[in-house]
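Work through the exercises below with the model open. Try each task before you read its solution.

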Amino acid sequence: MEFSLPKVLQILSTEVAGYAVPIVDLIGVQTKDPYKVLVATILSARTKDETTAKAAAKLFREAPDLAGLAALNEERIAKLIFPVGFYKNKAGFLARLPGVLASEFNNQIPDGVEALTRLPGVGRKTANLVVAVAFRKPAICVDTHVHRIMNIWGYVETKTPLETEMALRKKLPPEYWLTINSTLVAFGQGTCKPVAPHCDRCVIAQYCPRIGVKPRKVLRQAQHERNVQSVRQSSVRPEPVEGPFLGAHQKTTEDAMRKFISWNVNGLRAVEKKGFVEIIAGLNADLVALQEIKALPEQLPESIKNIPGYTAYWFSAQKKGYAGVATYSKERPLSVLYGIDHKDHDYEGRVLTLEFGDFFFINAYFPNSQHGLLRMDYKLQFNNDLLAFAQNLATQKSVVICGDFNVAHREIDLTNPKQNEKNPGYAPEERAWMDQFIAAGFVDTFRMFNQEPGQYTWWSYRFNARERNIGWRIDYFCVDEKSKKRVAEAGILHDIMGSDHCPILLGFR
Ligand code: SF4
């Protein structure tokens, strides 16, 4: 059936009435206070709504208005708003807010997008949301859900939220401007999720062209019954797996999915200041692989060494402040392999492997071939030695290998392939090795689900590259060929900030 925006939005307005109301809208409706809407919007960035609601309530008890906020110092604000994402940065923004409003806006919250973006911590998205929610004036807030879903529907064809905002300003009928954000945020959180959307129970499934979508897999009843039967048979096994995966054999296949995250954090001490612990807690993964930690465990604070629910395994480089990998696990592994037993590589802290009952989990930080490709020979040697290591493990059980491979494999995996043909990360030798790796029987799981361009995991800190989505896909989750059927989903968590890389995800059964 043909896609019709009015029809679809009419259906969704009824549908999301039963969903949780996004917190900023709720505060707008309840308080009608631009100050509270502005503060709640700043708090809500990269933060779950429940966390924002609690933090806003605590802050507003002590700072019910601008004068109250001006009376608090940055440290006190940080305490009150913890654990919202990037709470230290946000405390700094909020501490500076009363001063800027006094000096530039006569202590009034401005009601225009351009003026609002002059306030600390306020970007276009926040400004549009404040204009729409607090002042009920025409503005289109483009949250990541709006950007994503509008592209899934083919209503716009854009690469960044900013492009989406500009396209919608030209195309979206004005009667939808104020409500589009809250409708699609609620719908994106509840049904059309960023990874594995629930198309099977979507009220607009018949109208949706599902551009670039890989929906979640749903068990058919017969399959479900077969699984339950096999569970009953397998539950008499004498040696269940220990840990949080304990009893996985008692769940349906879908429930038993394990969630893995890989993230090049580009310095664990730096990302700690940007809300790392809260991000990891929010992701709630079974395994989290980090690369480029650039620290020895003894240099790290307790909050990082002991994240509740996890045991951390460290393999730092001997050279201080360089490379290094770490893996957090909810389950106790059967064994841990530090390095690949090779003197030329292991002092650089590049590979850490955890062994579980039915798979190996390899966390790898591949070398950079460096400016002028000066380290290409070393890199290729490392790559070949790691491939041999992984192939050997794959003869025993499933292998998941993840991390920063420091190479974009194909043209589709970077914005400017032509300009980078001889540059580190896209040089012919590096791409050829990646071909060899795939030919050796390893599968790039992301491309099992997504063949779209513009899907990146690394952006330069320069030239606003991330905002303009000028990037490279150089982080991968791969599995050995025979374990391909165990892959349930794979994704890129573009919205998680804190490093020049974003985390990637694998759902594995
Ligand atoms: S059918 Fe799927 S992709 Fe389309 S809107 Fe519904 S959940 Fe999203």
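## Exercise 1: two domains

Task: find how many ångströms separate the centres of domain 1 and domain 2.

Solution. The centres, taken over C-alpha atoms, are 32 Å apart. The domains span 5–201 and 256–508; these bounds come from an automatic or database domain assignment. Next, the contact: domain 1 gives 14 residues and domain 2 gives 15. Contact means C-beta atoms, placed from the backbone, within 7 Å.

The model is predicted: local features need pLDDT of at least 70, side-chain atom pairs count only at pLDDT 80 or more, and totals for chains, interfaces and linings use all residues. Numbering starts from 1 along each chain as its sequence is written.

## Exercise 2: strand 14

Task: decide whether the residues of strand 14 (504–508) are buried or exposed.

Solution. Count neighbours: buried means 20 or more other C-beta atoms within 10 Å of a residue's own, exposed 12 or fewer, partly exposed in between, with C-beta atoms placed from the backbone. Five of the five residues are buried, so strand 14 is largely enclosed by the rest of the structure. Ile 504, Leu 506 and Phe 508 cover one side, Leu 505 and Gly 507 the other.

Now the partners. Strand 1 (258–264) pairs antiparallel with strand 14 over five bridges; pairing needs at least two DSSP bridges. Here Ile 261 faces Leu 505. Strand 13 (487–492) also runs antiparallel to strand 14, with five bridges. There, Glu 489 has Gly 507 as its bridge partner. Strands are DSSP E runs of at least two residues, numbered from the N terminus.

Technical notes: Two residues are in contact if their C-beta atoms, placed from the backbone, lie within 7 Å. Helices (H or I, at least four residues) and strands (E, at least two) are DSSP runs, numbered from the N terminus.
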